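Grab a pencil and work through these exercises with the model on your screen. Try each task yourself before you read its solution.

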Amino acid sequence: VTARAAGTATLAVEAGWGRRVRRTTVPVTVEAPPPPPTPPTPPAPPSGAFRVTVRYAAPVSAADRATVDAAIARWQRVITRTPPDVRVVVGAGDCGAGMPAVDETVSGILLLVRLAPIDGPDGTLGSAGPCVVRDDGAGGFGIPALGVITLDSDDLAPMRADGTLLDVMTHEIGHTLGLGTLWDEAGQRHVQGAQGPDPQYVSLGARTRAARLGYVAPGATVPVENVGGVGSAGSHWRETVFGTELMSSTIARAGNPLSAVTIGALADLGYDVTDAGAEPAGPAITSRRGAVVGADAVGRTPLRDVLVRPIGVAGPDGRVRPRR
């Protein structure tokens with residue numbers, strides 16, 4: 001029986017043969033599905049907050065645009081200043097398949113967003129990260145100027161239905177800002193042993209906040225994800241310690257908080273930040289040191305994403321100096 005629309009119907013059922021035929025009727029009621037939950041609307045970002053410009057590389061619905069805007073607002077509540085403008089010149093496809101050319105002066109960060117089919121449901125969710133970064137003044141990688149997000153449109157319907165798309169989009173924007181994607185790049189080096197069995201985040205901004213919230217002991221380094229392979233290990237907070245924190249390696253049910261630990265990591269990358277924008281560390285995000293959290297116990301969804309590494313640094317004329 002395939003449901004086509006809400007309403008009622010009666011099925012006539014017959015089974016058997018000859019004198020043994022039995023007939024009956026079965027009433028069927030098809031109920032309309034409940035409407036998907038409305039993503040929470042965060043407060044408006046403060047005046048003068050970090051500037052984010054979005055350019056869509058494929059058609060996007062009004063509802064998905066609203067989700068992207070809500071995700072951006074979460075980051076604008078914690079990043080308080082826009083870095084210096086920088087000219088960026090890249091060709092079509094330089095930042096990934098289907099991404100347009102860019103030749104302009106960028107204030108804050110320009111995000112190229114593409115929601116389109118990739119490999120069908122339950123395959124690769126997508127990719128995200130900075131494509132072009134600013135020069136940090138010493139030849140290393142500074143704050144990103146151009147970021148890219150590609151998500152498989154075939155995977156988005158369940159996220160819209162359960163309300164997790166806002167968290168997923170916020171998480172992917174975090175990668176474009178450099179979280180997890182610049183941690184072991186030239187001029188940054190925030191993680192030791194990124195590809196080893198026990199990667200640790202060593203910079204002070206995240207370390208001090210993780211200790212203050214009880215995730216680690218005072219003075220300790222911060223555990224980085226060590227399972228899940230490329231795209232997970234070395235580039236997220238460790239799931240068994242941080243539970244539902246937004247930048248851990250999976251997304252739990254809707255409402256994954258952007259904690260002060262992640263804000264500290266933004267400060268380590270060179271952003272001006274405020275802890276006032278931290279989302280509360282309630283019972284769902286309390287420290288889980290030493291405890292292995294069952295994936296299905298809290299409805300976790302593996303992100304199955306591919307992290308984009310920058311192709312280079314924007315020079316004075318906007319031309320990109322390729323990474324070494």
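Here are four short exercises on this structure, each with its solution.

This is a predicted model, where local features need pLDDT of at least 70, side-chain atom pairs count only at pLDDT 80 or more, and totals for chains, interfaces and linings use all residues. Residues are numbered from 1 along each chain as its sequence is written, and side-chain values use heavy atoms, with hydrogens and water left out.

**Exercise 1.** Find out how many helices and strands the protein chain has.

Start with the rule: helices (H or I, at least four residues) and strands (E, at least two) are DSSP runs, numbered from the N terminus. Counting that way, the protein chain has six helices and 16 strands. Next, look at burial, where buried means under 20% relative accessible area, exposed over 50%, and partly exposed in between (1.4 Å probe, protein chains only). Of the 324 residues, 49% count as buried.

**Exercise 2.** Work out which strands E6 pairs with, and in which sense.

Two strands pair if DSSP finds at least two bridges between them. On to the partners: strand E3 (residues 52-56) runs parallel to E6, with five bridges joining them. One of these matches valine 52 with isoleucine 109 in E6. Strand E8 (residues 141-152) also pairs with E6 in the parallel sense, over seven bridges. There, valine 113 faces isoleucine 149 of E8. Finally, check the burial of E6 (residues 109-116): seven of its eight residues are buried, so the strand is largely enclosed by the rest of the structure.

**Exercise 3.** Check the span of helix H1 against the expected value, then find what covers its buried residues.

The expected span is 1.5 Å times one less than the number of residues. For the 15 residues of H1 (residues 62-76) that gives 21 Å, and the end C-alpha atoms are 21 Å apart, so the two agree. Now the burial: the buried residues of H1 include Asp64, Val68, Ile72 and Trp75. Their cover includes E3, E6 and helices H2 (156-162), H3 (165-176) and H6 (260-269).

**Exercise 4.** Sort out the order of strands E9, E10 and E11, and say which ones are at the edges.

These three strands form an open, antiparallel sheet in the order E9-E10-E11. E9 (191-192) and E11 (222-223) are the edge strands, as each pairs on one side only. Zoom in on E10 (residues 200-201): two bridges join this strand to E11, and tyrosine 201 has valine 222 of E11 as its bridge partner.

Technical notes
Contact means heavy atoms within 4.5 Å.
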